[in-house]
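Colleague: I would like a close look at one part of this model: the place where the two chains meet. Please take me through it step by step.

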Number of protein chains: 2
Amino acid sequence: MSLSIDSSSQVLENGYGHVELLSGCNDEHEGVIVNMEKPMDSKVFLTALRASLSLWRKQGKRGVWIKLPIGLANLIETAVKEGFCYHHAEPDYLMLVQWISEPPSTIPANATHRVVIGAIVMNDKRELLVVQEKSGKLKGTGIWKIPTGQVDPGEDIFKAAVREVKEETNIDTEFLEILGFRQCHKTFFEKSDLFFLCMMRPLSFDVQKQESEIEAAKWMPFEEYTAQPIVQKPGFYKCITDVCLAKVEGDYIGFSPRHVKSSFTDQLSYFYLNKQDSNSS
Amino acid sequence: MSLSIDSSSQVLENGYGHVELLSGCNDEHEGVIVNMEKPMDSKVFLTALRASLSLWRKQGKRGVWIKLPIGLANLIETAVKEGFCYHHAEPDYLMLVQWISEPPSTIPANATHRVVIGAIVMNDKRELLVVQEKSGKLKGTGIWKIPTGQVDPGEDIFKAAVREVKEETNIDTEFLEILGFRQCHKTFFEKSDLFFLCMMRPLSFDVQKQESEIEAAKWMPFEEYTAQPIVQKPGFYKCITDVCLAKVEGDYIGFSPRHVKSSFTDQLSYFYLNKQDSNSS
C-alpha cells in the first residue's frame, strides 16, 4: 500500500533521502485518506509520515485522514505526536485526522447521534404491546413500557422498528407512520439520541419474550398502561400516550417513508414526510 | 485516581502482590467506567489493568470502559493486547471497551448518525434564499441550493437551522416546522446521515455571504430555482421543492418542537410532532 516517489529531486528536497511515502487517495475536499493495512514499525511509519506530510503540504492538501486498524495500535502515539487528533473509532479501527492548511479547519464533525425507536403496537381489543426490561434504569421497577431499541448501523428506521418488536416479543408487525421524534442530549457520554416514535400494526398475536433482555412481555389494556404513575405524570411517557391517543381516536398524521433517489447518484434512501398532504397538493 | 485495595488476602488471591488498581465508577448496567487522567507508564498500566480485570470479573462486572485522553495514547496498545476494542473517539480522547461476562455482549452501539439541516427560507416575493458552496460535490457546478449544515454536538435541530442560515447568508430567521427528513446510509465512511428539512420565516433580508464556505448567496425567484435541471429531475432535490410547494400552497403540516421533560429526571428536551392535530384531539 506504499508508493515510493520516482522523482529523486523531490525526495532530496524533503531532506529524507529515499523514503517510502504513505499511499493515500484524494477526497473531494482537497484531502488525503490513508488507509493503513499492513503492520509497520513505528520508526518506519514516523519517517514515511513526515515525508508524506511535507509532500501533501506542498501539494496544497488540506485535511489528512489516517485509518488505523486495531492491529496497528502501535502507530497511534507516533501519529498523535506528529499533530494528528482522533476523529472517530469503531470496534476495529481508529480514524485520525489533521488539518494541514490555513485555518479555519472544515473537517466534518463525527457522528453525533444514536438513533432509537419506540414502537406503539395496538391490537383490535385496544391492548398495547408492552415489555419489562432486564437491565437499565427500569430494571426491577415493575414499569411496563413500549418496545424500544437502537437502530443498527446502516439500518432504516422503519425496518428497525419491525425488527425490534419481533426480537423482544416475537410479534410480527407492519410499519405505519412515525408519529414524532425526540432529540435528547448527553444521553450516552457526550452523544445525543434521536428517538423515533413508530406506529405499527400487529400481524401476529402470540407473545414470546426474548430471554436475554426482556423480563416480561404481554398485551395490556391501554387504560391499564396509561394508569401507571410514570405515564400519568407530565413528561415524555405522557407525551407518547397523548400522541398515541390522537392517532387512534383523532386524525393525527405523522410521517411516512417514501423511496427517493439521490439527485447525484443512484443511491436510494427514504424521505419521511406527511404523505397525505403532499399527495393532495 | 488509583485506589489500592486494603484486603491483602484479595490481593494475594489475585497473585499480583501489592498492586495499584485502576479506579472506576459503576454504571447502571453492571459495568465499570475508568476515566484515566494522569500520565502512566505502560508497564505500570499493564499490571494495574490485569489486577483490576481480575477483580472486576470476581465482582460479576460485565462491561469495562476505559477513557484515554489523547495524551495517554501510549497506553492504547497495552489495552488492546489485554482484549479491549475501540468504542468511540472524539478529537481529544479514545473510549475502549471490553465485555468480561458471559455472551451475548449488550454493549451499546456507538453514535451512528450525523444530523444535517436544510433550510427553506422564502420571502413575501416568493423568492427562495439560495447559496453556492465553495467546496464539496457542487463546487464549480453553478447549482443553487438551499442553505444546509451540520448540527453541532449537543445542539437542537431547530436552533441549528437558525444558526446555519445566519452563518451562511447573514439572514435572521424564525424556525417554523420540520417538513420531513431523509435517512441516508454510508454518507461519511460507514456512518449515516439524517437530513431534516426545515421551514423558516425570514426576519431580515440583506444577504451577506459567509466568506470561508460560500461562493455566492442571494434571493432567487422560486420558479427560477425549480427550473434548474438538478431540481427538475426526479430525486431528492425535486422532493424538497414538492414538499415546499405543498407547504406554501397547500395545507401541509410538518412537525413542530414541544418542550418535554424526561419522565425520570429533570432533563428537558424537544419532542417534534404534528402539533395541530394533537392539540385538536
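Modeller: Here is the contact between the chains, followed by the strands and loops that surround the topic. Keep in mind that this is a predicted model.

Start with the count. Chain B gives 90 residues to the contact, and chain A gives 90 residues as well. Next comes area. The size of an interface is often stated as the accessible area that is lost when the parts come together. Here chain B and chain A bury about 8,100 Å² between them. Carbon and sulfur atoms account for 66% of that area. Three residues deserve a look on the side of chain B. They are B:Y86, B:F181 and B:F271. Together they supply 10% of the area that chain B buries against chain A, more than any other three residues.

Now for charge and polarity. How many salt bridges does the rule find across the interface of chain B and chain A? It finds four. One salt bridge links the side chains of A:K191 and B:E90, with 2.4 Å from N to O. Polar contacts are counted separately. Between chain B and chain A there are 39 residue pairs in polar contact, with both residues at pLDDT 80 or more.

Which element of chain B supplies the largest share of the side that touches chain A? That is strand 11 of chain B, residues 173-188, with nine residues. What kinds of residue make up this side of chain B? There are 48 nonpolar, 25 polar and 17 charged residues.

Strands also pair from chain to chain. Strand 11 of chain A (residues 173-188) is joined to strand 15 of chain B (residues 268-273) by four bridges. These two strands run antiparallel. Find A:F181 and look across to strand 15 of chain B: its bridge partner there is B:Y272.

Stay with strand 11 of chain A for a moment. A:K186 is placed in this strand. A:K186 has a positive phi of about 55 degrees, although it is not a glycine. Most residues other than glycine have a negative phi.

Strand 15 of chain A has a partner within its own chain. Six bridges join strand 14 (residues 256-261) of chain A to strand 15 (residues 268-273) of chain A, and the two run antiparallel. In this pairing, A:S256 has A:L273 as its bridge partner in strand 15. A hairpin connects strand 14 to strand 15 of chain A through six residues.

Two loops come next. Most peptide bonds are trans. The bond from A:P103 to A:P104 is cis, with omega near 0 degrees. A:P104 sits in the loop between strand 7 (93-99) and strand 8 (113-121) of chain A. In chain B, the peptide bond from B:P103 to B:P104 is cis too, with omega near 5 degrees. B:P104 is found in the loop between strand 7 (93-99) and strand 8 (113-121) of chain B.

Salt bridges also occur within a chain. In chain A, the side chains of A:E77 and A:K81 meet in one, at 3.4 Å from N to O. Both residues lie in helix 3 (residues 76-81) of chain A, four residues apart, about one turn of the helix. Over all chains, the structure holds 40 salt bridges.

Last, a record. An unreviewed UniProt entry lists residues 112-242 of chain A as "domain: Nudix hydrolase". In the model, that span is 22% helix and 42% strand, and its end C-alpha atoms lie 29 Å apart.

Definitions and conventions: Residues numbered from 1 in each chain as written. Chains lettered and ligands numbered in written order. Predicted model: local features only at pLDDT ≥ 70, side-chain atom pairs only at ≥ 80, totals over all residues. Heavy atoms only, no water. Contact = heavy atoms within 4.5 Å. Buried area = accessible area lost by both parts, 1.4 Å probe. Polar contact = N/O pair within 3.5 Å; in protein donor to acceptor, adjacent residues only side chain to side chain. Nonpolar A, V, L, I, M, F, W, Y, C, P; charged D, E, K, R; others polar. Pairing = 2+ DSSP bridges. UniProt positions renumbered as here; feature names shortened; annotations may be inferred.
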